[in-house]
Amino acid sequence: MSNINSYPLICTRGAIVFPLQDLVVEVGRQQSIDAVTCAMNNATSIVLVSQKDLTIDNPGEDDIFEFGTICKIKSSRNKEDHLKVVFTGISRCKLLRHYQIQGVNFVEVESIEDTCDDMLELEVITKRMINDFNRLAVKYGRAGFSLTLLDNFDMNLASNVVDSFAQLFVPNIDVKQSFLEQANITRRFEMMTAFTIKDRKMEEIEQEINTKIKANIEDGQKDYFLREKLKAIKEELGESGSYSDISDLQEKLEKNPYPENVKAKAREEFSHYEMLPQATGESGVIRSYLEWLLNIPWYQKSEDNADLKLAEKILDEDHYGLEKVKERILEYLAVKQMTKSLKSPIICLVGPPGVGKTSLAKSVARALDRKFVKASLGGVKDEAEIRGHRRTYLGSMPGRIIQGMKKAGTLNPVFLIDEIDKMSSDYKGDPSSAMLEVLDPEQNTQFSDHYIEEPYDLSDVLFIATANYKDNIPNELLDRLEIIELSSYTEIEKLNIVRKHLIKKQLEANGLKESQFDISDEMILYLIRRYTREAGVRQIERVISTLCRKTVLEILKNKKKRITINKKLINTWLGHEMFDYGVKEKKNQIGVVTGLAYTSFGGDILPIEVNYFDGKGKLVVTGQLGDVMKESTEIALDYIKANAKKFNIDPKFFEEHDIHIHCPEGAVPKDGPSAGVTLTTALVSALTRKAVKADLAMTGEVTLRGNVLPIGGLKEKSLAAHRSGIKTIIIPKANVKDLDDVPQEVKKAINYIPVDKVDQVIKEAFV
């Protein structure tokens with residue numbers, strides 16, 4: 001007979017109580033604490049029911065099972081933030097209706113009585129199952145049942161036996177719940193029988209495995225025994241392939257001289273891996289981690305080339321010029337050879353695109369006889385790209401540094417950090433800060449990758465960084481770098497690079513022989529001047545490649561044996577001339593002065609024009625000038641206004657006329673702090689109607705007091721002036737020291753006039 005009553009309700013995370021069984025539950029949720037308090041205050045029973053999904057914090061009616069247990073509270077103790085309550089099961093129940101009273105969850109339940117099919121059959125089953133129960137109790141250290149209890153056998157005893165079994169030995173929540181929901185005792189014993197049969201079968205399999213293993217090993221080989229036992233278990237489960245993979249890694253760990261901390265970490269992960277089923281996602285994560293941990297170099301090193309002459313020969317073979325860089329590499333080799341140990345310097349090659357920064361790093365690796373790896377940081381915003389992702393994240397992996405080391409396979413490769421000036425930061429972190437630990441010789445002996453977790457020594461790596469602009473390199477990194485600037489190539493250097501390197505490379509790439517492709521130095525210079533505009537040699541290489549492809553087509557199509565490249569053929573194959581590098585003014589002109597600019601393509605000349613007309617004293621500036629150059633125009637004009645009498649200019653002139661300053665090629669943005677003297681000279685020329693020499697160019701910034709300040713990029717500007725036929729250049733006196741970097745052929749062809757005052761510039765500039 002069943003009856004219906006209402007009780008306070010507690011939802012548990014997998015805790016299921018059976019009738020006549022005690023269970024300790026830690027009650028922490030406020031709604032559960034309120035239910036316990038209500039039951040104790042009113043001396044009433046309480047209903048315990050488990051939620052289906054243990055991760056839900058506030059389960060609703062649909063989130064809990066339909067059957068639970070009516071319990072009484074045996075005892076309760078307060079802890080820091082929860083109650084420790086001992087519940088005793090009274091009877092099974094079915095949940096009917098949920099409601100709340102003063103914020104406490106209540107439930108209306110129907111209590112369920114035990115049933116059985118045949119009492120005699122039930123007594124026989126109970127006697128047999130008590131034997132199994134006691135066997136499991138001994139195995140797991142639990143209290144058993146005395147067979148003398150059967151003298152007073154009743155249905156309650158049978159129910160108690162099977163419920164005790166479910167409470168103690170069934171770990172799975174869903175299976176345990178199915179025991180609770182089954183009112184028929186006979187059916188519950190059938191479920192118990194299936195469980196004990198499975199347990200006995202597992203014992204038999206384990207005995208069989210032990211017998212098989214003991215026949216193959218010697219006494220005392222404990223580690224081998226355990227490993228063979230695990231292997232046999234994996235075979236029984238059909239997972240021998242996965243175990244074979246992990247055993248190879250274990251063998252690799254024991255046979256090689258890994259650092260002790262790495263060995264300890266790997267053994268810990270192996271132990272964890274062996275306890276997990278292969279079907280779980282975590283086992284795959286651990287296996288992947290172990291593969292990374294053991295496949296990056298921890299002890300492997302390559303021998304450096306100790307022959308300095310051979311290293312110098314290799315560098316000269318691969319690159320024309322770049323003497324400072326080659327000298328620095330040879331210094332490194334020499335000092336390392338002398339001291340037998342040297343912390344690798346962090347070299348940073350700074351220069352415009354195409355001047356050979358990356359290929360130079362490859363040549364350094366070849367000269368040292370080291371492995372070469374590269375990591376490009378262009379556009380990197382996430383710190384995890386450098387340090388790696390923690391293993392808690394799905395798809396985590398090491399950062400680019402550890403990935404590069406694995407690719408190199410040695411502890412001392414040449415590691416190129418490309419485009420270090422193009423990193424940026426966002427909410428995911430600042431990668432430039434992470435690079436500090438990589439590039440600082442005082443820190444990189446203990447580099448920490450979030451994925452690998454163990455400290456990694458990068459002190460033997462020869463890092464070479466590259467950048468296009470020194471100013472864009474983060475200041476904290478700049479302090480750790482040894483800057484070597486690679487400036488633009490001169491025409492002579494480009495000619496030699498094309499002749500000695502690029503033509504050979506493209507002939508080989510296109511299947512041509514040297515006898516089939518003939519091009520003179522004059523035509524190479526024509527290509528450099530009229531079909532390329534760059535600081536490096538990338539575009540000229542593409543042009544040479546185009547000529548080689550068209551040569552191949554001509555040879556195969558028209559059966560020719562040799563093609564000679566001339567101007568007519570170039571114009572036919574490549575089209576009209578693409579560039580006309582700023583040609584100097586042919587005549588001395590008023591209000592037109594040739595300035596010098598330093599761009600990402602190298603140097604160039606920059607004519608500045610000034611004119612005036614009747615107006616109200618307005619200054620008009622055109623030609624896409626940046627903020628710095630606009631400020632220079634205002635400074636130049638204000639200087640002239642302040643010194644109008646010196647230049648024989650009527651002060652009222654500025655009130656009655658508008659002045660227009662223009663830089664040709666208006667679609668090209670222009671900016672920089674070196675156009676001050678050019679603007680001042682052009683303004684004075686226009687306002688005094690005095691002509692400026694056509695074969696003269698100038699560079700330098702001017703102050704309101706008429707001082708001439710130093711500039712940068714003198715070498716590139718000199719090359720541009722020489723290319724354009726300029727004979728004289730006015731430079732700031734503070735830049736005289738930079739003339740050492742200017743090629744001799746340029747210095748011989750150009751007369752440099754150092755100045756420190758605008759008055760000197762005006763005196764030299766006018767005809």
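## Strand pairing and a pocket in a predicted model

In the hairpin formed by β5 and β6, where two residues lie between the strands, Q102 takes a positive phi near 50°. The structure is a predicted model, and the description below begins with the strands around this hairpin before turning to a pocket.

The two strands of the hairpin, β5 and β6, run antiparallel to each other and are joined over nine bridges, with L95 standing opposite V109 in β6. On β6 the residue V109 is also the bridge partner of N5, and strand β1 (residues 4-12) pairs with strand β6 (residues 104-112) in the antiparallel sense over five bridges.

| Strand pair | Sense | Bridges |
|---|---|---|
| β5 and β6 | antiparallel | nine bridges |
| β1 and β6 | antiparallel | five bridges |

Within strand β5, which spans residues 83-101, lies S91. Is S91 buried or exposed? S91 counts as buried because its relative accessibility is 16%, and buried means under 20%. Apart from neighbours within four places in sequence, S91 is in contact with P19, G68, T69, I70 and S111.

The second largest pocket holds about 620 Å³ of space. Its lining is made up of 25 residues, and those nearest the centre of the pocket are G354, V355, G356, K357 and S359. At least two lining residues come from each of α12 (357-368), β10 (462-467), α17 (491-509) and α19 (538-558). Sorted by class, the lining of the second largest pocket comprises eight nonpolar, nine polar and eight charged residues.

Methods. Residues are numbered from 1 along each chain as its sequence is written. This is a predicted model: local features need pLDDT of at least 70, side-chain atom pairs count only at pLDDT 80 or more; totals for chains, interfaces and linings use all residues. Side-chain values use heavy atoms; hydrogens and water are left out. Helices (H or I, at least four residues) and strands (E, at least two) are DSSP runs, numbered from the N terminus. Buried means under 20% relative accessible area, exposed over 50%, partly exposed in between (1.4 Å probe, protein chains only). Contact means heavy atoms within 4.5 Å. On a 1 Å grid over the protein atoms alone, a cavity is a set of points where a 1.4 Å probe fits but cannot get out, and a pocket is an open set with protein on both sides within 12 Å along at least five of seven lines; lining residues have an atom within 4 Å of a point. Grid points are joined across faces, edges and corners, and a volume is the space filled by probe spheres set on the points. Ala, Val, Leu, Ile, Met, Phe, Trp, Tyr, Cys and Pro count as nonpolar, Asp, Glu, Lys and Arg as charged, and the others, Gly among them, as polar. Two strands pair if DSSP finds at least two bridges between them.
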